[in-house]
Amino acid sequence: MGNYLRVGEVLRSAQNRDPSVPVIDGYRNIHYVTASDTLPQIQLSKGINPIARSKGGQRRPAILIRSSPWKAGTAETPWHDVFDLDNGRVRYFGDHRADHTVPVGSTQGNAVLLEAFAEQQASNPEHRARAVPLLVFAAVSRNKTPKGYVQFCGLAVIERAELIEQETDGKPFPNYRYDMTLLDLSKEDDRVDWAWIERRGDTWRTAVDVLNHAPHSWLEWVQHGHRMLPDLRRRTPFPSGEDKPLPPPLNEGKGEPLSLFPAPRRPDSTALASPDTAGPEEKLTADLLVDRVRRLRIHQRNDQPSRHKPLALLWGLSRIAAGKSRLAPWRQFRDEVGELLAEFGHPGSSVTPEYPFWHLQTSQLWDVQGLPLGQSAKPHVSTFDRFNPRAGLSEQAAHLLGDPFVRSQAVAALRETHLADVDHHELMNRLGLAGYESASGVPDGAGELETEPGPASRRMVTLSRIVRDPELTTAVKRLHGDRCQVCGLQLSTRFSTYSEAAHIRGLGRPHNGPDKLSNLLVLCPNHHVQFDTLAIYIDTDDTVRMTADDTPIGQLRRHHAHQINEAHLRYHRALCGRDHE
């Protein structure tokens with residue numbers, strides 16, 4: 001019996017749910033694939049379909065998530081899910097609706113996903129081992145029917161859960177939005193072994209036995225938690241079909257891709273009035289996003305490029321980093337971005353926040369919503385004041401920028417290309433992006449308790465410090481003989497030698513790198529400072545280069561017993577704006 005789910009495969013989900021038939025209408029029968037003597041028969045009739053725990057069991061075997069794109073924006077499904085499968089991200093909306101009278105979070109779907117989110121937020125591996133995996137499916141059209149077929153999209157972990165307000169037919173209602181990370185299954189040939197799900201539901205199985213059948217990325221997540229999700233996220237192109245040619249997955253005959261669902265319907269009579277709307281929206285990738293940031297159309301005055309758009313875009317990006325809504329009302333934008341333009345704009349330049357509020361739409365990274373239809377030219381400020389429209393990063397851009405790696409690339413591109421001559425330290429601190437100034441990031445904050453009197457003021461604080469493994473640092477420095485991996489310098493002290501261990505992906509916010517041997521370099525003090533302040537980076541061929549002009553200054557010296565995680569080197573290059581992969 002088939003006992004695996006393969007990413008990209010379309011399966012038949014017949015209404016009679018007969019588990020005895022292997023193939024129906026030319027597609028593997030999902031109820032045959034998942035048939036089990038241990039588990040109850042799976043359900044895919046709803047969007048959120050939990051498999052029940054066995055009696056007395058601590059583990060829920062799995063939750064099956066299904067999304068139907070053609071129902072998006074309807075009264076039955078007023079929300080709109082976004083599947084960015086090439087970048088391993090899914091934005092999924094809970095099941096609360098405008099006509100529900102129960103408290104938000106208490107509907108069956110939201111309740112089970114919030115429970116799953118709480119389990120997955122556990123602080124130690126023992127508890128994370130019990131957390132429930134999410135198996136994500138998308139309803140697709142096959143054999144000229146939109147019903148009864150699902151495509152397996154992958155194994156997911158909930159990265160964030162946010163209480164939001166949605167609207168249908170002019171009526172607001174609360175709901176939950178879940179940002180999910182699809183895990184890399186390349187070591188399993190893009191398959192999930194159903195035996196793992198069965199063992200999760202068997203109360204007699206130990207945690208070790210269950211984990212022996214889990215995918216490698218799930219094991220890594222159990223061991224290290226959410227801080228490893230950027231490294232564990234699926235980043236390979238989503239399979240375009242099965243072994244044989246298939247019809248288009250959405251809107252049969254029109255070739256729309258599954259990897260990003262179409263734009264949501266607007267519930268009211270107001271909509272985006274873009275100055276450059278032409279043709280269907282292009283699917284946004286991380287590389288395309290960074291390229292558009294670099295190629296912003298900037299107004300020139302007296303041979304000086306305006307800073308209005310870059311500052312407004314960085315402000316919008318900071319909202320994503322802080323977990324805020326991607327769209328902000330005009331009056332808030334006017335006040336906050338206006339202050340940035342006054343302080344960091346060119347001396348003598350006008351403080352006109354209305355300019356980037358509207359014209360950033362030309363970047364194809366920015367949305368304006370809430371103005372009457374037909375606004376084809378730039379509206380007057382009085383129109384903004386009257387309607388108080390909302391603006392911010394587009395849904396696709398905001399979704400991509402939820403990934404710390406992509407966000408690092410975009411911040412570096414903005415700073416280097418458009419804001420090179422501003423006070424970066426002051427600007428980044430103002431926007432809450434100080435961690436992007438260095439490879440180490442920002443350490444956890446201090447909490448003030450009281451002030452003691454005395455000749456010099458003293459303030460007692462409580463500190464939350466990142467715990468580092470001193471034995472790891474000692475071991476890696478001993479391995480390299482205290483010699484810098486960039487220049488080979490071994491500093492002599494009175495009785496010994498000296499070097500410094502540098503984390504490639506910093507442990508501080510927002511990088512949240514791991515304290516592991518694969519994330520360490522041994523450097524002399526000079527190159528440690530340069531590496532941490534992003535003055536140097538390590539290219540894909542191990543050439544060490546100056547970030548300012550890419551001048552080579554050396555070659556990274558490696559040791560066979562010190563394996564370096566290439567993903568961490570790439571993350572550092574992204575911070576430097578030098579990721580060429």
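This is a conversation about a predicted protein model, moving from its overall make-up to a helix pair and then to several loops.

Reader: I'm new to this one, so how many helices and strands does the protein have?

Author: The secondary structure of this predicted model comes to 18 helices and 28 strands. Of the 581 residues of the protein, 51% count as buried.

Reader: And what share of the contacts is between residues 24 or more positions apart?

Author: Counting contacts with a separation of 6 or more, residues 24 or more positions apart account for 65% in the protein.

Reader: What is the average pLDDT of the protein?

Author: The average pLDDT is 83, and 85% of the residues score at least 70. Over residues 241-280, however, the pLDDT is below 50, although this stretch has 98 contacts in the model beyond near neighbours in sequence. Residues 446-452 also have a pLDDT below 50, and for that stretch the model has 20 contacts beyond near neighbours in sequence.

Reader: Let's turn to the helices, then: how do the axes of helix 14 and helix 18 cross?

Author: The axes of helix 14, which spans residues 404-417, and helix 18, which spans residues 566-576, come within 6 Å and cross at roughly 30°. Angles under 35 degrees count as roughly parallel, and therefore helix 14 and helix 18 are described as roughly parallel to each other.

Reader: Which residues make that contact?

Author: On the side of helix 14 they are Pro404, Phe405, Ser408, Gln409, Ala412 and Glu416, while helix 18 brings in Arg570, Tyr571, Ala574, Leu575 and Cys576. Sorted by class, the contact of helix 14 with helix 18 has seven nonpolar, two polar and two charged residues.

Reader: Gln409 caught my eye there; is Gln409 buried or exposed?

Author: Gln409, whose place is in helix 14, has a relative accessible area of 7%. Buried means under 20%, so Gln409 counts as buried. Leaving aside residues up to four places away in sequence, Gln409 touches Val290, Ala574 and Asp579.

Reader: Going back to helix 18, how many of its residues are buried?

Author: Helix 18 is mostly covered, with eight of its 11 residues buried. Those buried residues are His568, Leu569, Tyr571, His572, Arg573, Ala574, Leu575 and Cys576.

Reader: What covers the buried residues of helix 18?

Author: The cover includes helix 7 (229-232), helix 14, helix 17 (525-532) and strand 26 (536-538).

Reader: And what is found at the start of helix 18, and what follows the helix?

Author: At the start of helix 18, a side-chain oxygen of Asn565 reaches to within 2.8 Å of the backbone nitrogen of Ala567. After helix 18 comes Gly577, which has a positive phi near 75°.

Reader: Now the loops: which peptide bond is cis?

Author: The bond from Arg509 to Pro510 is cis, with omega near 0°. Pro510 is found in the loop between strand 24 (500-503) and strand 25 (520-523). Asn512 also lies in the loop between strand 24 and strand 25, and although Asn512 is a residue other than glycine, its phi has a positive value near 55°. At 34% relative accessibility, Asn512 counts as partly exposed.

Reader: What about Asn388, where does it lie and what is its phi?

Author: Asn388 lies in the loop between helix 12 (381-387) and strand 19 (390-393). Its phi is positive, about 45°, although Asn388 is not a glycine. With a relative accessible area of 21%, Asn388 is partly exposed.

Reader: Is Asn87 buried or exposed, and what does its side chain contact?

Author: Asn87 is buried, with a relative accessible area of 14%, and its place is in the loop between strand 7 (82-84) and strand 8 (89-93). The side chain of Asn87 makes a polar contact of 3.2 Å with the side chain of Asp84. Not counting residues up to four places away in sequence, Asn87 touches Arg233, Arg234, Thr285, Ala286 and Leu400.

Reader: Last one: where is Asn143 found, and how far is Asn143 from Asp25?

Author: Asn143 is found in the loop between strand 9 (134-139) and strand 10 (149-168). Asn143 and Asp25 are 118 residues apart in sequence, and in space they are 8.4 Å apart, C-alpha to C-alpha. Asn143 is partly exposed, with a relative accessible area of 43%, and a polar contact of 2.7 Å joins its side chain to that of Tyr149.

Definitions and conventions:
Residues are numbered from 1 along each chain as its sequence is written. This is a predicted model: local features need pLDDT of at least 70, side-chain atom pairs count only at pLDDT 80 or more; totals for chains, interfaces and linings use all residues. Side-chain values use heavy atoms; hydrogens and water are left out. pLDDT is the predictor's confidence in each residue, from 0 to 100. Contact means heavy atoms within 4.5 Å. Axes are lines fitted to C-alpha atoms, for helices over the stretch in contact, and angles run from 0 to 180 degrees between N-to-C directions. Helices (H or I, at least four residues) and strands (E, at least two) are DSSP runs, numbered from the N terminus. Angles under 35 degrees count as roughly parallel, over 145 as roughly antiparallel, 65 to 115 as roughly perpendicular and the rest as oblique. Ala, Val, Leu, Ile, Met, Phe, Trp, Tyr, Cys and Pro count as nonpolar, Asp, Glu, Lys and Arg as charged, and the others, Gly among them, as polar. Buried means under 20% relative accessible area, exposed over 50%, partly exposed in between (1.4 Å probe, protein chains only). A polar contact is a pair of N or O atoms within 3.5 Å; within protein, one must be able to donate a hydrogen and the other to accept it, and residues adjacent in sequence count only if both atoms are side-chain atoms.
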